[in-house]
Amino acid sequence: MARLDFDFHAAPTRPKPLGLALLLAGTAALAWSAHTWQAARDTEAGLELRIAALDNVPSSATPRPAPGDAAAQAARAQVASQLAWHWQPAFSALASTRTARIALVSVDASQAKSQLKLVAEARTLDDAIAWIGRLQRQAGVRRATLVQHEVRTDSAERPLRIVVQVDLAG
């Protein structure tokens with residue numbers, strides 16, 4: 001009768017050279033990718049600091065207009081106020097109210113009135129009202145008003161198209 005050997009606990013063997021080479025290559029690749037990722041984060045932080053510094057620098061190089069030209073001074077003041085307008089609070093308000101149940105179709109901004117006209121599509125009227133309520137509670141928003149709503153019958157899903165007017169604070 002033949003002897004059967006069922007020794008499932010074999011003695012550990014040393015790793016082969018190919019296994020060691022792959023281990024070293026993987027470790028090197030991990031170290032390189034971590035270094036590259038950290039360098040990219042440092043570069044991004046540096047760029048953000050430069051942008052913030054540029055935003056806070058007053059432009060002292062603007063020439064003084066002649067005192068007798070009131071129309072030109074008014075035009076310059078209007079252009080200066082338009083250039084100084086910061087849209088970031090409006091963008092932050094829109095980003096923080098983003099949901100999968102609302103599709104933003106268009107944004108029309110009026111700087112002179114400090115308003116946004118948003119056209120969006122919702123699945124239901126309840127979703128639209130909840131979204132407008134979240135917009136209303138944002139820090140940069142003074143008031144969000146539903147101006148118009150209609151059911152789109154030309155689409156198979158029959159979405160509700162809404163028009164919202166957002167009055168911005170500041």
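A patch here is made of residues with over 30% relative accessible area and no salt bridge, and nonpolar side chains join one when they sit within 5 Å. Keep that in mind, as one such patch turns up below. What you're looking at is a predicted model, and its sheet is a good place to get your bearings: four strands, open, with antiparallel pairing.

**The sheet**
- Going across the sheet, the strands come in the order 1-2-4-3.
- Strand 1 (102-110) and strand 3 (141-151) are the edge strands, so called because each pairs on one side only.
- From one strand to the next, the twist averages 20 degrees.
- As a bit of background, strands of a sheet pair through backbone hydrogen bonds, either parallel or antiparallel.
- Take strand 1 and strand 2 (residues 115-122): they pair in the antiparallel sense, over eight bridges.
- If you'd like a spot to zoom in on, find Ile 102, whose bridge partner in strand 2 is Ala 122.

**Helices against the sheet**
- Helix 3 (residues 88-96) lies across strands 1, 2, 3 and 4, with strand 4 covering 160-168.
- Helix 3 runs at about 15 degrees to strand 2.
- Helix 4 (residues 125-136) also packs on the sheet, where it touches strand 1, strand 2, strand 3 and strand 4.
- The direction of helix 4 makes about 165 degrees with that of strand 3.

**The nonpolar patch**
- Leu 4, Phe 6 and Phe 8 make up a nonpolar patch on the surface, and together they have about 450 Å² of accessible area.
- Phe 6 belongs to the segment before helix 1 (17-56).
- Phe 6 counts as exposed because its relative accessible area is 59%, and the cut-off for exposed is over 50%.

Notes. Residues are numbered from 1 along each chain as its sequence is written. This is a predicted model: local features need pLDDT of at least 70, side-chain atom pairs count only at pLDDT 80 or more; totals for chains, interfaces and linings use all residues. Side-chain values use heavy atoms; hydrogens and water are left out. Two strands pair if DSSP finds at least two bridges between them. Helices (H or I, at least four residues) and strands (E, at least two) are DSSP runs, numbered from the N terminus. Axes are lines fitted to C-alpha atoms, for helices over the stretch in contact, and angles run from 0 to 180 degrees between N-to-C directions. Contact means heavy atoms within 4.5 Å. Patches are made of residues with over 30% relative accessible area and no salt bridge: like charges are joined within 9 Å, nonpolar side chains (Val, Leu, Ile, Met, Phe, Trp, Tyr) within 5 Å. Accessible areas come from the Shrake-Rupley method with a 1.4 Å probe; for residues, only the protein chains shown count as cover. A salt bridge is a side-chain nitrogen of Lys or Arg within 4 Å of a carboxyl oxygen of Asp or Glu. Buried means under 20% relative accessible area, exposed over 50%, partly exposed in between (1.4 Å probe, protein chains only).
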